[in-house]
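Here are my notebook entries from an afternoon of looking things up. Follow along with the structure open beside you.

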Amino acid sequence: MACLHDHSCEDHDCSSGWTLYEHIDLPKVSALNEAVPGSVKSVFKAWEQRLNSSGLKFKRLLIEIQFRNKKAHWSYFLLQGHLESNEGDPELLVYIPFTSDVKIKSISVVGGVDGTSPSKMRAFINKEGIDFSDAQGMQAVQEWDLVENFQGTLEYQTRYSKFQNVASITLHFPNSFGGDTTKIEYIGFKGEATKLKRDVVATIVYELRPNPSDHKTKAEGGGLSHVE
Amino acid sequence: MVLEATMICVDNSEWMRNGDYSPSRLQAQADAINLICGAKTQANPENTVGVLTMAGKGVRVLATPTSDLGRILACMHGLEMGGEMNIASAIQIAQLALKHRQNKNQQQRIIVFAGSPVKFEKKVLESIGKKLKKNSVALDIVDFGEEDDGKPEKLEALLSAVNNNDSSHIVHVPAGPNALSDVLISTPVFTGDGEGGSGFAVAAAAATAAAIGGSGYDFGVDPNIDPELALALRVSMEEERARQEAAAKRAAEEAGGKGGEPSSKSEDVTMTDQANVSSKEDKKHTDDMVEENDLLKEALAMSMNISGTGHSAGDTEMSEATSADQELALALQMSMQESAGEPSSQTDVSKVLEDQSFVSSILESLPGVDPNDPSVKDLLASLKNPSEKDKEEPSNEDK
């Protein structure tokens, strides 16, 4: 299911809906089978910059991340503004956590030219640490057949009821349009963010032995406490 | 401080009975593995390590990734040798074990000890490597033991298929006097990607060097343990050498002798730079030295032109550098002069201590010690004839 923009964009602001990129937890975004580690982060940007593959906007962020890891290739990131898979293997897996729970209405993907656009997209919700064998075996929440979309005007709608409380989404691109690699210039999400945060239980205190003093109720103050 | 889950693949095939890595190849592996586990856990307490054997009846996982070192130690004990190493399935099973690690935030790493011949084709290894790279698993290969035709090439091919951004490494360890674990300590297998674990590695390196008997260091004194003594020894050695050179030059020509002193200081600087071990204490001293290098060059230039002023500049250089441990340096100088006759292959510190003039000068600098005290004189006498009982007493007295 796809919608086509067949009106000129001067009438209304097309970019207003594509604001979910602000809620992406960018340092935790990761991808499997990317040619340049960390290049996946350059793919999430404002709708206006979706065709801008120089990635200059993210210069500072990327340098900061790489500097902390003490890797010397951060200069590479100034030029590489897109995500590319390894040579000869067009499969890609992108893990995107959000800073708060979001509802995703639709997704837009801009691929590369010459058959390097992804042909299919499969989404998994709220699952961490998926790798390729998991992705190939599991049933996806939703799958789309993509078309080559160089202008970023296509959006793929989601089954909204399934995308209500999304803390993280994993996108699996199994194939490209015949190219040797898969290139992704831009991934955009349209929807709304809630302020809620889906978190695992962080601190749990276990008792090895019950201590009556920890279990005093108000009624039993003073005098002997009776533990039943 | 990288959060990592590591699976170590041990080679327990028949080839591991060989004793070219003492005491046996299998034991050498066990020692190395224990050190690696310690290093990983020290780098980050949440790191986990697991072990599997590659040979025997088949690939067997002895311990899934755990941070409990005792469990790893226990499973390395009583390993039986036999069979042939199956490197392909071992790596795949290691990958599976890592996939099911408890903490998904950990980076995945496999360390393979490849001691026996590799019977797989290069293509098979390369496809395994690609699969590892695709799932962002790093691989460290320790190539030791059997030196097969083509084994290094196959392992290098595997490494280049896996290697993503220099996170994977290969180490070739030939048989020799040094133990397998000692050789590995200085490699990226231990030190990670240049950070993390380096503290452990440096400490371990220091311990092993001291055990070897200071063969790795110039004066038998580890700069990590006692940097001032090592520095003083080095300085005095240089001064002695420089003085001898100066004396030789003076014999040849009059003017060259005065240029000898500043040039000796520059030699000292270069020697300090070359012998720079990766220890933080040593770095401080070398930094001081290097800063004076510029002044030194001026001094050298001046000394070449005008011997008179150059000499005085050189003198000031000397005093500035040694002002910190001037007394100690002079004392050592004296001792070096006395023992200059015998080229001391024995660089034991006790030998230096036996020199009475040196010891008395040291004692003079110590507060509250009177060299004429009878107990101190006894101490000096006993040091000349080292006997177990006497040594215990003075050492207790000293404390």
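**Entry 1: a word to settle before starting**

I call a residue buried when its relative accessible area is under 20%, exposed when it is over 50%, and partly exposed in between. I also keep in mind that this is a predicted model.

**Entry 2: B:Asn135**

Is B:Asn135 buried or exposed? I looked up its relative accessibility and got 10%, so B:Asn135 counts as buried. I then asked where it sits, and found B:Asn135 in the loop between helix H4 (122–134) and strand S5 (137–143) of chain B. Which residues is B:Asn135 in contact with, leaving aside its neighbours within four places in sequence? My list has A:Leu32, A:Asp131 and A:Phe132 from chain A, along with B:Gln95 and B:Gln108 from chain B. Those names from chain A sent me to the interface.

**Entry 3: where chain A and chain B meet**

I noted that 15 residues of chain A and nine residues of chain B take part in the contact. The size of an interface is often given as the accessible area lost when the parts come together. For chain B and chain A I read a buried area of about 1000 Å², and carbon and sulfur atoms give 43% of that. In chain B, the residues that lose the most area to chain A are B:Lys99, B:Lys134 and B:Asn165, which together make up 53% of what that side buries.

How many salt bridges are there between chain B and chain A? I wrote down four. I also found five residue pairs in polar contact across this interface, with both residues at pLDDT 80 or more. I sorted the residues on the side of chain B that touches chain A: five are charged, four are polar and none are nonpolar.

**Entry 4: one salt bridge across the interface**

I picked the salt bridge in which the side chains of A:Glu91 and B:Lys134 meet, with N to O at 2.7 Å. B:Lys134 is thus a partner in a salt bridge, and B:Lys134 is also among the residues of chain B that lose the most area to chain A. Are its two partners buried or exposed? A:Glu91 counts as buried because its relative accessibility is 9%. B:Lys134 has a relative accessible area of 13%, so B:Lys134 is buried as well.

**Entry 5: salt bridges within chain B**

Searching the whole structure, I got 18 salt bridges over all chains. On the A:Glu91 and B:Lys134 pair, I added that it crosses between chains: A:Glu91 is in the loop between strand S3 (83–84) and strand S4 (92–111) of chain A, and B:Lys134 is in helix H4 of chain B.

Next I looked at B:Arg109 and B:Glu4, which form a salt bridge with their closest N and O atoms 2.5 Å apart. B:Arg109 lies in strand S4 (residues 107–114) and B:Glu4 in strand S1 (residues 4–10) of chain B, so this pair ties together parts that are 105 residues apart in sequence. B:Arg109 is buried because its relative accessibility is 5%, and B:Glu4 is buried at 10%.

I also looked up B:Asp20 and B:Arg25, whose side chains meet in a salt bridge at 2.8 Å, N to O. B:Arg25 counts as buried at 2% relative accessibility, whereas B:Asp20 counts as partly exposed at 29%. Last, I noted that salt bridges with shared partners join B:Glu4, B:Lys40, B:Arg109 and B:Asp140 into one network.

**Entry 6: B:Gly56**

I found B:Gly56 in the loop between strand S2 (48–53) and strand S3 (60–66) of chain B. With a relative accessibility of 32%, B:Gly56 counts as partly exposed. Not counting residues up to four places away in sequence, B:Gly56 touches B:Asn12, B:Gly82 and B:Gly83. B:Asn12 is 44 residues from B:Gly56 in sequence, yet their C-alpha atoms are 6.6 Å apart in space.

**Entry 7: chain B overall, and a caution on chain A**

I counted 17 helices and six strands in chain B, and 45% of its 399 residues count as buried.

For chain A, I noted an average pLDDT of 78, with 73% of the residues scoring at least 70. Over residues 55–60 of chain A the pLDDT is below 50, and it is also below 50 over residues 71–79. Where pLDDT is low, the predicted coordinates should not be read in detail.

Methods: Residues numbered from 1 in each chain as written. Chains lettered and ligands numbered in written order. Heavy atoms only, no water. Contact = heavy atoms within 4.5 Å. Buried area = accessible area lost by both parts, 1.4 Å probe. Polar contact = N/O pair within 3.5 Å; in protein donor to acceptor, adjacent residues only side chain to side chain. Nonpolar A, V, L, I, M, F, W, Y, C, P; charged D, E, K, R; others polar. pLDDT = per-residue confidence, 0-100. Helix = DSSP H or I, 4+ residues; strand = E, 2+ residues; numbered from the N terminus. Buried < 20%, exposed > 50% of the residue type's maximum accessible area, 1.4 Å probe, protein only.
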